[in-house]
Amino acid sequence: MQQKRNIQIIEWEDLDKRKFYSFGVFMTMTIRATVYPATLIRTRLQVQRGKSLYSGTFDAFFKILRAEGVRGLYRGFMVNTFTLISGQAYITTYELVRKYVSQYSEDNTVKSLVAGGLASLVAQSITVPIDVVSQQLMMQGQGEHLTRFRLNSNTETGKPKKVFGQTRNIMAQIFAADGFRGFYRGYVASLLTYIPNSAVWWPFYHFYAEQLSKLAPSDCPHLILQAMAGPLAAATASTVTNPMDVVRARVQVEGRTSVIETFRQLIKEEGFWGLTKGLTARIISSTPTAIVMVVGYETLKKLSLRPELVDSRHW
């Protein structure tokens with residue numbers, strides 16, 4: 001625990017790992033279920049040409065709700081839940097790298113930046129195949145004309161015989177078209193998006209929390225300051241990395257192979273404003289995600305403190 005900071009940080013060695021992972025799975029699942037509709041909307045907005053289908057975030061929300069119902073906002077969600085694995089890998093890598101870097105530097109910004117970047121590298125190696133499949137499922141319904149793969153009619157119109165019938169349908173089409181490499185389409189674009197996003201988010205999160213602590217009354221609970229700092233950091237990171245996120249979505253959904261060529265075509269067709277596509281939806285999704293994640297994660301760490309440390313910590 002870094003006692004010298006106003007906002008105390010619970011480090012890896014302070015945690016009861018069994019509690020940490022048990023509570024962590026529940027927290028991650030809750031967050032994903034909450035923000036998934038915004039993630040789906042963001043993907044459709046980023047892939048569409050101009051405003052051919054939706055004029056904006058709220059227009060997309062109401063059109064999807066009217067045409068496809070609530071289920072339409074959760075297309076591909078069951079597949080996306082497998083990212084729970086990458087979520088746990090992310091948290092573990094982040095905390096372990098922080099611990100390792102602390103041997104060489106006590107600067108929290110350095111620890112957060114390095115740990116955030118490496119944690120994202122590990123997580124994306126697990127997440128990209130899941131994203132490729134779930135994004136294809138997200139595009140079904142109103143967005144199916146924007147993607148290469150469509151569900152077979154006997155799977156789309158009736159109830160699938162098995163829970164993951166639609167998923168297997170899409171996976172078979174991806175493998176037939178691109179082989180195993182198809183499941184890692186956009187891997188480089190994902191790394192170029194999420195490594196900077198993660199590397200930027202953590203330092204800004206701690207920075208905003210510290211700045212807010214200087215403005216807030218001394219008796220203000222740290223959790224409130226952290227809950228405010230999370231969305232500010234998320235909005236900052238989302239704005240910085242959104243151009244690459246647009247390119248990533250197009251590479252994965254449209255089956256492109258070149259990040260640079262996709263970027264050039266986007267600029268040519270839609271100008272630099274095209275790089276902001278889906279930004280509002282991304283911030284809308286990242287804001288509650290950040291609040292829930294920060295409150296959940298910081299609470300999770302407090303609940304997971306080793307028993308002998310509980311009475312010695314004051315918040």
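These legends describe close-up views of a predicted model of a single chain.

**View 1. Confidence along the predicted chain.** Mean pLDDT for the chain is 84. Of the residues, 92% score at least 70. Helix α2, residues 57–72, has the highest mean pLDDT among the elements, at 92. The lowest mean, 50, belongs to helix α6, residues 153–156. Where confidence is low, predicted coordinates should not be read in detail.

**View 2. The start of the chain, residues 1–5.** Throughout residues 1–5, pLDDT stays under 50. The model still gives this stretch 19 contacts beyond four places in sequence. Low pLDDT is a reason not to read predicted coordinates in detail.

**View 3. Residues 20–41, annotated as a transmembrane region.** The label "transmembrane region" comes from UniProt, in an unreviewed entry. In the model, residues 20–41 are 100% helix and 0% strand. The C-alpha atoms at the two ends of this span are 32 Å apart.

**View 4. The Solcar repeats listed by UniProt.** The unreviewed entry gives "repeat: Solcar" at residues 18–100, 107–211 and 221–303. Residues 18–100 are 82% helix and 0% strand in the model. The end C-alpha atoms of residues 18–100 are separated by 21 Å. For residues 221–303, helix makes up 84% and strand 0%. Here the end C-alpha atoms lie 16 Å apart.

**View 5. Helix α1 against helix α4.** Helix α1 covers residues 17–47. Its axis lies 10 Å from that of α4, and the two helices pack at about 125 degrees. The pair is therefore oblique. The crossing of α1 and α4 is right-handed. From α1, the contact draws on F20, Y21, G24, V25, T28, M29 and R32. Across from them in α4 are T83, L84, G87, Q88, I91 and T92. By class, the α1–α4 contact holds six nonpolar residues, six polar residues and one charged residue.

**View 6. Helix α4 against helix α5.** Helix α4 spans residues 83–101, and helix α5 spans residues 108–138. Their axes come within 8 Å and cross at roughly 155 degrees. Because angles over 145 degrees count as roughly antiparallel, α4 is roughly antiparallel to α5. The handedness of the α4–α5 crossing is right-handed. Residues in the contact of α4 with α5 comprise 15 nonpolar, eight polar and two charged.

**View 7. Helix α8 against helix α11.** Helix α8 runs over residues 187–215, and helix α11 over residues 279–303. The two axes come within 14 Å. They cross at roughly 55 degrees, so α8 and α11 are oblique to each other. Their crossing is right-handed. On the α8 side, T193, N197, W201, W202 and Y205 take part in the contact. R282, M293, V294, Y297 and E298 meet them from α11. This α8–α11 contact divides into six nonpolar, two polar and two charged residues.

Definitions and conventions:
Residues numbered from 1 in each chain as written. Predicted model: local features only at pLDDT ≥ 70, side-chain atom pairs only at ≥ 80, totals over all residues. Heavy atoms only, no water. pLDDT = per-residue confidence, 0-100. Helix = DSSP H or I, 4+ residues; strand = E, 2+ residues; numbered from the N terminus. Contact = heavy atoms within 4.5 Å. Axes fitted to C-alpha atoms, helices over the stretch in contact; angles between N-to-C directions. Parallel < 35°, antiparallel > 145°, perpendicular 65-115°, else oblique. Left-handed = near helix turned anticlockwise from the far one by under 90°. Nonpolar A, V, L, I, M, F, W, Y, C, P; charged D, E, K, R; others polar. UniProt positions renumbered as here; feature names shortened; annotations may be inferred.
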